[in-house]
Amino acid sequence: PSSGLTGSQQARLSSLARDLACMNGLLLKDNPASSSSGSAAPDRCMMAPITLVPSSFSKEAFNQAVELQALFNSLYHRVSRDHNFLCRVIPPAAESDSFLSALWDMYQTVRQSGADQPITLALNRADYMLDEEAGLKQVEINLMASSFGGLAQRLSTVHRQVMSAAGVSERQLAHRLPDNRPAETFGEAFIQAFKLYGRPEAAILFVVSPDERNIFDQRTLEAEIYAADASSDSPVHVPQILRRSFDQIASSARLEESSGRLYLADQEVAIVYYRHGYSPDHFSDPAGVAWSAKLLMERSRAIKCPSLAYMLANTKAVQAALCEPGAVARYLPGKSAKVEATFVDQCVLSDSRAHRWLLADPEDFVLKPQREGGGNNIYGRDVVDFASRLTTRQSAAYILMRRIRPQQQVSLMLKADQRLSRRPEMPLCVSAISELGIYGALVAKNNSERLNCSAGHVLRTKSAFTDEGGVATGFSCIDTVYLV
Ligand code: ADP
Ligand code: MG
């Protein structure tokens, strides 16, 4: 929809969109590294990078992704409960990856201790790109710290108003802009899981980074948890949502061995929601305080979102293993074809296929380690060079994935600090590609699913000429879909 806008419309709408973005809390905390003292004032914010208007996206492919979400939720729930499958897939990948190996050890320790977490709360996001030739293809699935649901919900409000100011009719908007409330749905899932836990006086704990910039995304979810409780049939009046770093947890957490209950000081915790702890540098303190804090929480009955089993299921190694013929069908009998249709060729780098693929065309592949959070992948010609320096054992920790090639479209981007651009009142006009994220929520008691739904979307749109994404890193803008 950006193509029909004249220069003066773009300037007028940009001014409106910037104001609405700030008014609606589409913000990031200031980057401490950008201030001269190295620590940002706690109340200093900047606008999150957003697109001026939503990007066109195929309605058919969007609906396909939305319909798949409940299947993906079930698939990964079942994978996480399949100990034998994890035993087959994880150890080879963990052998030369010390982070994955530490998670695997902890998973086994906790399992052997007999600790059990009967209730599952899963807040997922499946990421796709729309390949020009092959259609909707999965990039990855996120089962941990799936972010931007709060900001995407806010951006949908802003985009609707900007489109309306651009002269698009209400009828068109209702047709083109899907209802989008990921944080609201996640809030409802939280309350449902909380009620299943059955301890109304217990708190919810967010495990957070001490210097989180994407804080308003998380605060949106907090507000939606309280709102979901207040509007539910039988409110439980969730007493508190605590935000704590691993350090803080280490100094006040306690496990009641007889009951398996988790306490922070005297406050029982029903749900541990991790927005931190998915990357080795989150555990880099030399004394191992973060690892001890995590182990204590994992040994408790509290609902961990995600559990260790989910973290293992979330690895790229599992994603590749699920591409083997028949793998998905074991978990989704009769329904696997639709899911598999979104997979592109991928395998562990130590597999003989990987060698053949790289010989044929290295530019057509992405190499991924077992990491989350962006910035870890290797692309194109670098792959061959990098791969040639790995031993077979090391290469089992990487997956090679065929590159998805989405169509480019012109995107009008608004970034916080465009003062240096020649025309700061104008959006940046960029040839861009988009990645669609579909949120999904699942609540279960053991095998029995109590809630399983799709929960809205986010687009992340970036220049077609950068390989990596990342909103916080400044490569990508948050965006929503305009269905065509
Ligand atoms: P992470 O867990 O670090 O987010 P991803 O698998 O999502 O890892 O990869 C990061 C980024 O790399 C994606 O957001 C996407 O922009 C790009 N990317 C990953 N896989 C592919 C692929 N198969 N084809 C094209 N781009 C990809
Ligand atoms: Mg990703």
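The lining of the largest cavity divides into four nonpolar, three polar and two charged residues, and the cavity itself encloses about 50 Å³ of space. This is a predicted model, and a search of the whole structure finds two cavities of 30 Å³ or more. Beyond these cavities, the briefing covers a pocket, the surroundings of ligand 1 and two points of backbone geometry.

**Largest cavity**

- The residues that line the largest cavity are Ser146, Gly149, Gly150, Ala183, Phe186, Asp217, Leu221, Tyr273 and Arg275.
- Three helices, H5 (149-165), H7 (182-197) and H8 (215-230), each contribute at least two residues to the lining of the largest cavity.

**Second largest cavity**

- The second largest cavity has a volume of about 50 Å³, and its lining is made up of Ser156, His159, Arg160, Leu177, Pro178, His457, Thr480 and Val481.
- Helix H5 provides the largest share of the lining of the second largest cavity, namely three residues; H5 also gives at least two residues to the lining of the largest cavity.
- Sorted by class, the lining of the second largest cavity holds three nonpolar residues, four polar residues and one charged residue.

**Second largest pocket**

- The second largest pocket has a volume of about 460 Å³, and of the 18 residues that line this pocket, Tyr107, Asp116, Gln117, Ser307 and Ala309 are the closest to its centre.
- Helix H2 (59-80), helix H4 (98-112) and helix H11 (308-313) are the elements that give two or more residues to the lining of the second largest pocket.
- In terms of residue class, six nonpolar, seven polar and five charged residues form the lining of the second largest pocket.

**Ligand 1 and its shell**

- The shell around ligand 1 comprises 20 residues, of which Lys316, Lys368, Gly374, Tyr379 and Glu435 come nearest.
- By class, the residues of the shell around ligand 1 comprise 11 charged, six nonpolar and three polar.
- Side-chain N or O atoms of three residues pair with oxygen atoms of ligand 1: the distance is 2.6 Å for lysine 368, 2.8 Å for lysine 316 and 2.9 Å for glutamate 140.
- Taken alone, ligand 1 exposes 540 Å², and the protein buries 94% of that area.
- Strand S6 (135-142), strand S14 (365-369) and strand S16 (398-402) each supply at least two residues of the shell around ligand 1.
- Because domain 1 (7-344 + 404-483) and domain 2 (345-403) both give residues to the shell around ligand 1, the ligand lies between the two domains.

**Backbone geometry**

- The peptide bond that leads from cysteine 305 to proline 306 is cis, with an omega near 5°, and proline 306 is located in the loop between strand S12 (303-305) and helix H11, a helix that also gives two or more residues to the lining of the second largest pocket.
- Phenylalanine 148, although it is not a glycine, has a positive phi of about 75°; this residue is found in the loop between strand S6 and helix H5.
- The two elements on either side of the phenylalanine 148 loop, S6 and H5, also appear in the topics above, since strand S6 supplies at least two residues of the shell around ligand 1, while helix H5 supplies at least two residues of the lining of the largest cavity.

Conventions:
Residues numbered from 1 in each chain as written. Chains lettered and ligands numbered in written order. Predicted model: local features only at pLDDT ≥ 70, side-chain atom pairs only at ≥ 80, totals over all residues. Heavy atoms only, no water. Near = heavy atom within 4 Å. Polar contact = N/O pair within 3.5 Å; in protein donor to acceptor, adjacent residues only side chain to side chain. Areas by Shrake-Rupley, 256 points an atom, 1.4 Å probe, with all protein chains shown as cover. Helix = DSSP H or I, 4+ residues; strand = E, 2+ residues; numbered from the N terminus. Nonpolar A, V, L, I, M, F, W, Y, C, P; charged D, E, K, R; others polar. Domains from an automatic or database assignment. 1 Å grid on protein atoms, 1.4 Å probe; cavity = no way out; pocket = protein on both sides within 12 Å on 5 of 7 lines; lining within 4 Å. Points joined across faces, edges and corners; volume = space filled by probe spheres on them.
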